[in-house]
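Me: Please take a close look at the ligand site of this structure. Which atoms does the ligand meet there, and how is it enclosed?

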Amino acid sequence: MATCSDEIDCARRLIAAAPRIVVLTGAGISAESGVPTFRGAEGLWQRYRPEQLASPEAFADDPRLVWEWYGWRRTRVAACQPNAAHLALARFALAHGKTLIVTQNVDGLHADAALAAAGDVDPGPALPIELHGNMFSVRCTACQRVWRDTAAVDASSRDTLPTCPECRALARPHVVWYGESLDGAQISHALCQAELAAACVVIGTSGVVQPAASIAAVTAQAGGEVIEINPDETPLTALCSVSIRSGAVAAVPDIFDLGSEPAEGRVQ
Ligand code: OAD
């Protein structure tokens, strides 16, 4: 790898030179927007057990409780905006095309950033693969119809929960729960792009949930570079040629806002 003055410069150099990159994000990228993470001292899984709230069994047992939790999270996320890290990634993907953003987040903030950054142009290149779904999508438990639903959830009783506009059956959040499979086409596409990528940038994930975490390993095994942006070490750190111990907002715009200068002119 080329010598660089610091980790940020190294990351900029690698990204500028890469013909193709994959960006894998987790809850940490949205932390500075005000969205709680899952693990760590303030994480959601300190207060709740995943199998109690994020599993098909939990929903079958008590759909009202599960909807109450998703309703609370939706209200919280609806008050949040994409931060400078989401926006820098979206602008980069729109400007350079060579980027696939893959997120484990269900908050929709990457998609919001893509729309905000795109203005009148097609946001497509900046739209993420949302591996674990989106909390503002719902799915009918009977006919499997999927639709967008940003309304406040009334979980005061089973009768007030969201229902399918077609068949009136109970609806559920269109997210991937523990014990459920990811969309096969989405994860295949992400893994294929990870194999082709010269660099995988991993931002704000603890790297403990599969198969998402294996995206970085696929790039590394194929000879690509892995760059991590996270205040803490993770199981993925061992794969990294560049580790940036920082929050996303402090690092991502510096790395991805390449401006209009040629890449070689910006790094030492
Ligand atoms: P986690 O909560 O497990 O990890 C968040 C990571 O973000 C940690 O490694 C933190 O150190 C890091 N972090 C915190 N603040 C940060 C900041 N400002 N900038 C950058 N990084 C920061 O969240 P995920 O790895 O996304 O799955 O969790 C993966 C999956 O586990 C989630 O998608 C969810 C959860 O259970 C399902 O619900 C299926």
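Reply: In this predicted model, a polar side-chain atom of Glu32 lies 2.8 Å from a nitrogen atom of the ligand. Two further pairs involve oxygen atoms of the ligand: a backbone N or O atom of Phe38 lies at 2.7 Å, and a polar side-chain atom of Ser206 at 2.5 Å. The protein buries 89% of the 800 Å² that the ligand exposes when taken alone, these areas being obtained by the Shrake-Rupley method with a 1.4 Å probe.

Local features are reported at pLDDT of at least 70 and side-chain atom pairs at pLDDT 80 or more, whereas totals for chains, interfaces and linings use all residues. Residues are numbered from 1 along each chain as its sequence is written, and side-chain values use heavy atoms, without hydrogens and water.

The surroundings of the ligand comprise 22 residues, of which Phe38, Arg39, Tyr178, Thr205 and Ser206 come nearest; a residue is near if one of its heavy atoms lies within 4 Å. Phe38 and Ser206 thus appear both in this group and in the atom pairs above.

The space taken by the ligand is the largest pocket. A pocket is an open set of points on a 1 Å grid over the protein atoms alone, where a 1.4 Å probe fits and protein lies on both sides within 12 Å along at least five of seven lines. A molecule sits in a pocket if more than half of its atoms lie within 2 Å of its grid points.

Technical notes. A polar contact is a pair of N or O atoms within 3.5 Å; within protein, one must be able to donate a hydrogen and the other to accept it, and residues adjacent in sequence count only if both atoms are side-chain atoms. On a 1 Å grid over the protein atoms alone, a cavity is a set of points where a 1.4 Å probe fits but cannot get out, and a pocket is an open set with protein on both sides within 12 Å along at least five of seven lines; lining residues have an atom within 4 Å of a point.
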